[in-house]
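Student: I am new to this structure and would like a close look at a single part of it, the pockets and what surrounds them. Could you take me through that part slowly, beginning with the chain as a whole?

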Amino acid sequence: MRKSFLLNNDWKFAKNDTLISTYPSDWESVNLPHTWNNIDGQDGGNDYYRGTTQYVKKFNTADCKVSDREELYLEFKGVAMSASVYVNQKLVAEHKGGYSTFRANITDAVVDGENILAVLVNNEENTTVYP
């Protein structure tokens, strides 16, 4: 039986390109979907931030209520432009594809109890990723 759990709320966000290992309580609190260029990208100056940012979330496997025989996947409906997904500092997926949906199998990276999910997102101009 397929189960779904939304992880859209209670993320931390920063323009930070260094993978962190803890939950950064002092970063900006956001819910997904989120757009960091919602103001500077709309001012007409074409000077909006291009670079790497990071989203971090804590989650507990007890909240997932899955058996030992089930696999856990994260599904992203889109991350522009490139994303690297980590669970407990273990790389579980990389995606280059703008707003296309992708999944990450996190089964082997989660631990019983609290886990740290980090998504590094890069929106720099790139000739190999469609907009």
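Tutor: In this predicted model, the secondary structure of the chain comes to one helix and eight strands, and along the sequence these elements follow the pattern β-β-β-α-β-β-β-β-β. The C-alpha trace spans about 50 × 30 × 20 Å along its principal axes. The radius of gyration is 15 Å, which agrees with the value near 14 Å that a compact globule of 131 residues would have. Of the 131 residues, 40% count as buried. Among the contacts in the chain with a separation of 6 or more, 66% are between residues 24 or more positions apart.

With that frame in place, we can turn to the open spaces. Rolling a probe the size of a water molecule over the atoms shows where empty space is left. The largest pocket holds about 1,300 Å³ of space, and its lining is made up of 40 residues, of which Asn8, Leu32, Glu75, Phe76 and Lys77 lie nearest the centre. The elements that give two or more residues to this lining are β3 (52-60), β4 (73-76) and β8 (114-122), and the largest share, four residues, comes from β4. Sorted by class, the lining of the largest pocket has 25 nonpolar, seven polar and eight charged residues.

The second largest pocket has a volume of about 190 Å³, and the residues that line it are Thr61, Val66, Ser67, Asp68, Glu70, Leu72, Thr107, Val110 and Asp112. By class, this lining has three nonpolar, three polar and three charged residues. One of these lining residues, Val66, is worth following further. Valine 66 is placed in the loop between α1 (61-64) and β4, and it counts as partly exposed because its relative accessibility is 30%. Leaving out residues up to four places away in sequence, valine 66 touches Lys3 and Leu72. The first of these partners is distant along the chain, for valine 66 and lysine 3 are 63 residues apart in sequence, yet they are 8.6 Å apart in space, C-alpha to C-alpha.

The surroundings of the pockets also include the packed interior. In soluble globular proteins, nonpolar side chains tend to be buried together. Here the largest nonpolar core has 23 residues, and those that touch the most other members are Tyr55, Val85, Ile106, Leu117 and Val119. At least two residues of this core are supplied by each of β1 (11-14), β3, β4, β5 (82-87), β7 (102-105) and β8. A second, separate core has eight residues, including Ala14, Ile20, Trp27 and Tyr86.

Two residues show what the contacts look like in detail. Leucine 117, one of the core members named above, is in contact with Trp11, Tyr55, Val56, Lys57, Phe59, Leu74, Val85, Tyr86 and Val87, leaving aside its neighbours within four places in sequence. Threonine 53, for its part, lies in strand β3, and it counts as buried because its relative accessibility is 0%. Not counting residues up to four places away in sequence, threonine 53 touches Phe13, Ala14, Lys15, Asn16, Trp36, Val119, Leu120 and Val121. Among these partners of threonine 53 is Val119, which belongs to the largest nonpolar core, and another is Ala14, which belongs to the second core.

Technical notes
Residues numbered from 1 in each chain as written. Predicted model: local features only at pLDDT ≥ 70, side-chain atom pairs only at ≥ 80, totals over all residues. Heavy atoms only, no water. 1 Å grid on protein atoms, 1.4 Å probe; cavity = no way out; pocket = protein on both sides within 12 Å on 5 of 7 lines; lining within 4 Å. Points joined across faces, edges and corners; volume = space filled by probe spheres on them. Nonpolar A, V, L, I, M, F, W, Y, C, P; charged D, E, K, R; others polar. Buried < 20%, exposed > 50% of the residue type's maximum accessible area, 1.4 Å probe, protein only. Contact = heavy atoms within 4.5 Å. Core = buried A, V, L, I, M, F, W, Y, C linked by side-chain atoms within 4.5 Å. Rg over C-alpha atoms; globule rule 2.2 N^0.38 Å.
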